[in-house]
Amino acid sequence: MAPDTLPEPVRVALAVAATLERLRVPYVAVGSLASSLHGAPRSTDDVDFVVALPPDAVPLLVAALTPAYYVSAEAAREAATAARGGAFNAIHLESAVKVDLFVAGDDAFDAERLACRQLVRVTADAPFDRDYVRGWAERLGVGDLLDRAIREGNPE
């Protein structure tokens, strides 16, 4: 279980990750949580995961998350059966932390994110792989947004 000193979103993320591990659902943390783990820590009130969730695993995941989380079984089923991947969320009832689960589509970007996932120890000073992020930003056509984020995040 997560130490009591971790921020609530990180504690919730670790609990959901443990559930995904137990169910053998491949996942990768994305969004501000991943940014915090691989770069400068950021305050966030939600958690984002990309998951490779086959439709037959949906009932197992929903059962494993409830009753500690509100999860719409219908939304999870729709996300898992969407042709290009979908999304649903789980809300941790005790803390109101929202966990967004993005079901991986069949595109190269989602495949790469899941293929390159790695277990990361949660610390305050994780390294940021700028070259990796830059490469994907260019491939996705958002290099200008990355440059802006870096400028605004490091105003020196």
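This passage describes the sheet, the helices packed on it and the salt bridges of a predicted model.

The sheet is open and consists of five strands in the order β1-β2-β5-β4-β3, with mixed pairing. Its edges are formed by β1 (27-30) and β3 (69-71), each of which pairs on one side only. On average, neighbouring strands of the sheet are turned by 25° against each other when direction is ignored. Strands of a sheet pair through backbone hydrogen bonds, and the pairing is either parallel or antiparallel. Strands β4 (residues 87-92) and β5 (residues 98-103) run antiparallel and are joined by five bridges. Within this pair, F88 has L101 in β5 as its bridge partner.

Two helices that pack on the sheet are described here. Helix α1 touches β1, β2 (46-51), β3, β4 and β5, and its direction makes about 25° with that of β2. Helix α5 (residues 108-115) also packs on the sheet, where it touches β1 and β2. The direction of α5 makes about 100° with that of β1.

Five salt bridges are found in a search of the whole structure. One of them links E8 and R11, whose closest N and O atoms are 3.5 Å apart. Both residues belong to helix α1 (residues 8-22) and are separated by three residues, about one turn of the helix. E8 has a relative accessible area of 31% and is partly exposed. R11, at 22% relative accessibility, likewise counts as partly exposed.

A salt bridge is also formed between the side chains of K98 and D100, with an N to O distance of 3.0 Å. K98 is partly exposed, its relative accessible area being 30%. D100, by contrast, counts as buried because its relative accessibility of 12% falls under the 20% limit.

D147 and R134 form a further salt bridge, in which the closest N and O atoms are 2.5 Å apart. D147 is located in helix α7 (residues 143-153) and R134 in helix α6 (residues 130-140), so this pair ties together parts that lie 13 residues apart in sequence. Both ends of the bridge are partly exposed: D147 has a relative accessibility of 32%, and R134 has one of 26%. The two residues also belong to a network of salt bridges that links R134, E138 and D147.

Definitions and conventions:
Residues are numbered from 1 along each chain as its sequence is written. This is a predicted model: local features need pLDDT of at least 70, side-chain atom pairs count only at pLDDT 80 or more; totals for chains, interfaces and linings use all residues. Side-chain values use heavy atoms; hydrogens and water are left out. A salt bridge is a side-chain nitrogen of Lys or Arg within 4 Å of a carboxyl oxygen of Asp or Glu. Helices (H or I, at least four residues) and strands (E, at least two) are DSSP runs, numbered from the N terminus. Buried means under 20% relative accessible area, exposed over 50%, partly exposed in between (1.4 Å probe, protein chains only). Two strands pair if DSSP finds at least two bridges between them. Axes are lines fitted to C-alpha atoms, for helices over the stretch in contact, and angles run from 0 to 180 degrees between N-to-C directions. Contact means heavy atoms within 4.5 Å.
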